[in-house]
Amino acid sequence: MPVMLLREVGYARPATVEQALSLLREHDGARALAGGQTLINVMKARAASPDVLVDLSAIPQLRGIDLDPDGTVRIGPMTTYTELIGSAEARARPILGEVCAQIADVQVRNRGTIGGNVCSSDPTNHLPPVMVAVGAEMTIASAEGERTVAAADFFLGVYMTAVAPGELLTKISIPPGRHDGFASIPIGKDGTCIVNAAASANGDLRVALGCVGAVPEVVEPASTEPDAVREAVRAAALDPPSDVHASAAYRRHLAEVVAARAVQQASERARD
């Protein structure tokens, strides 16, 4: 008897957020399906076995990018990386498109979504530290209504976010600002990150480090000088994992390097 790649799973394609929430509440084993770039691979590995996939691709409320008069960028979670890269509205916060252009390859960028990236809460992803550094706010819908969670409180652990069972991420709001930076050490040209860092110099300097813990680690250097940035990273007493790509000690070293590079980029833009 042939072995199936995926076990049998139910499938639903709601047309509204309300229908999607109803389906997620109705089925305890339901999972929202965005671009599928992470979830389907996890299912292939049998690391996740949802009973029902709730496909969000037919819900227009979850797509699109808007720019408020004050410069706030509002992103629908089903917006793809490619759509964001090409968006005139998203250019109000240039770091967004710049980082999305570094994610994987063209095929993945055409299919993968912003919401799927952040909701997977994979420590090696590009966007979680960016969202934390720029002070993004996440709107989460449930049967009881909507609530807003700061990005710094959104990521709870590996594959864990503030989106509880039966809830959906419906909007990502990015405040105005142009003085940002991002640096990473990827696995190959199109791979995920060994270590990355996003920096924001819009007001107080803030750096969010990725791949060094279960969630982005925030440090606030005393100045933009490289030595000050490195000292702030060292003072954070990071305890990153070791794996085939890097030891814990090497990741701590790389964290200093990418943090300094991200801050340099942000500070150069602040001077322009």
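**Figure 1. The lining of the largest pocket in this predicted model.** The largest pocket is lined by 49 residues, and those that lie nearest its centre are Arg31, Thr38, Gly116, Cys119 and Ser120. The space inside this largest pocket comes to about 1,300 Å³. Sorted by the character of their residues, the lining positions divide into 25 that are nonpolar, 19 that are polar and five that are charged. At least two lining residues are supplied by each of β2 (30–33), α2 (39–44), α6, β9 (160–161) and β10, and among the contributors α6 gives the most, with five residues. As general background, rolling a probe the size of a water molecule over the atoms shows where empty space is left.

**Figure 2. The largest nonpolar core and the elements that build it.** This core holds 35 residues, of which Ile75, Ile114, Met131, Phe154, Ile172 and Ile174 touch the most other members. Two or more residues each are given to the core by β5 (73–75), α3 (81–85), α4 (95–100), α6 (114–120), α7 (127–134), β6 (137–142), α8 (151–154) and β10 (168–174). The largest share, six residues, comes from α7. In soluble globular proteins, nonpolar side chains tend to be buried together.

**Figure 3. The surroundings of methionine 131, and a second core.** When residues up to four places away in sequence are not counted, methionine 131 touches Ile114, Val118, Ala136, Met138, Ala151, Phe155, Ile172 and Ile174. Apart from the core to which Met131 belongs, there is a second, separate core of 24 residues, which includes Ala199, Val207, Val219 and Ala262.

**Figure 4. The salt bridge between glutamate 83 and arginine 63.** The structure holds ten salt bridges, and in the one shown here the closest N and O atoms of glutamate 83 and arginine 63 are 3.7 Å apart. Glutamate 83 lies in helix α3, whereas arginine 63 lies in the loop between β3 (52–55) and β4 (65–67), so the pair ties together parts that are 20 residues apart in sequence. Glutamate 83 is partly exposed, with a relative accessible area of 40%, and arginine 63 is likewise partly exposed, with a value of 35%.

**Figure 5. Salt bridges of arginine 74 and arginine 251.** Arginine 74 pairs with aspartate 68 in a salt bridge whose closest N and O atoms are 2.6 Å apart, and the relative accessible area of arginine 74 is 27%, so this residue counts as partly exposed. Arginine 251 pairs with aspartate 243, the closest N and O atoms here being 2.9 Å apart. Because buried means under 20% relative accessible area, arginine 251 counts as buried at 4%, while its partner aspartate 243, at 38%, is partly exposed. Elsewhere, Arg230, Glu231, Arg234 and Glu256 are joined into one network by salt bridges that share partners.

**Figure 6. Glutamine 264 in helix α10.** Glutamine 264 is found in helix α10, which covers residues 248–271, and counts as partly exposed, with a relative accessibility of 43%. Although glutamine 264 and valine 229 are 35 residues apart along the chain, their C-alpha atoms are separated by 9.7 Å.

How values were computed:
Residues numbered from 1 in each chain as written. Predicted model: local features only at pLDDT ≥ 70, side-chain atom pairs only at ≥ 80, totals over all residues. Heavy atoms only, no water. Core = buried A, V, L, I, M, F, W, Y, C linked by side-chain atoms within 4.5 Å. Buried < 20%, exposed > 50% of the residue type's maximum accessible area, 1.4 Å probe, protein only. Helix = DSSP H or I, 4+ residues; strand = E, 2+ residues; numbered from the N terminus. Contact = heavy atoms within 4.5 Å. 1 Å grid on protein atoms, 1.4 Å probe; cavity = no way out; pocket = protein on both sides within 12 Å on 5 of 7 lines; lining within 4 Å. Points joined across faces, edges and corners; volume = space filled by probe spheres on them. Nonpolar A, V, L, I, M, F, W, Y, C, P; charged D, E, K, R; others polar. Salt bridge = Lys/Arg side-chain N within 4 Å of Asp/Glu carboxyl O.
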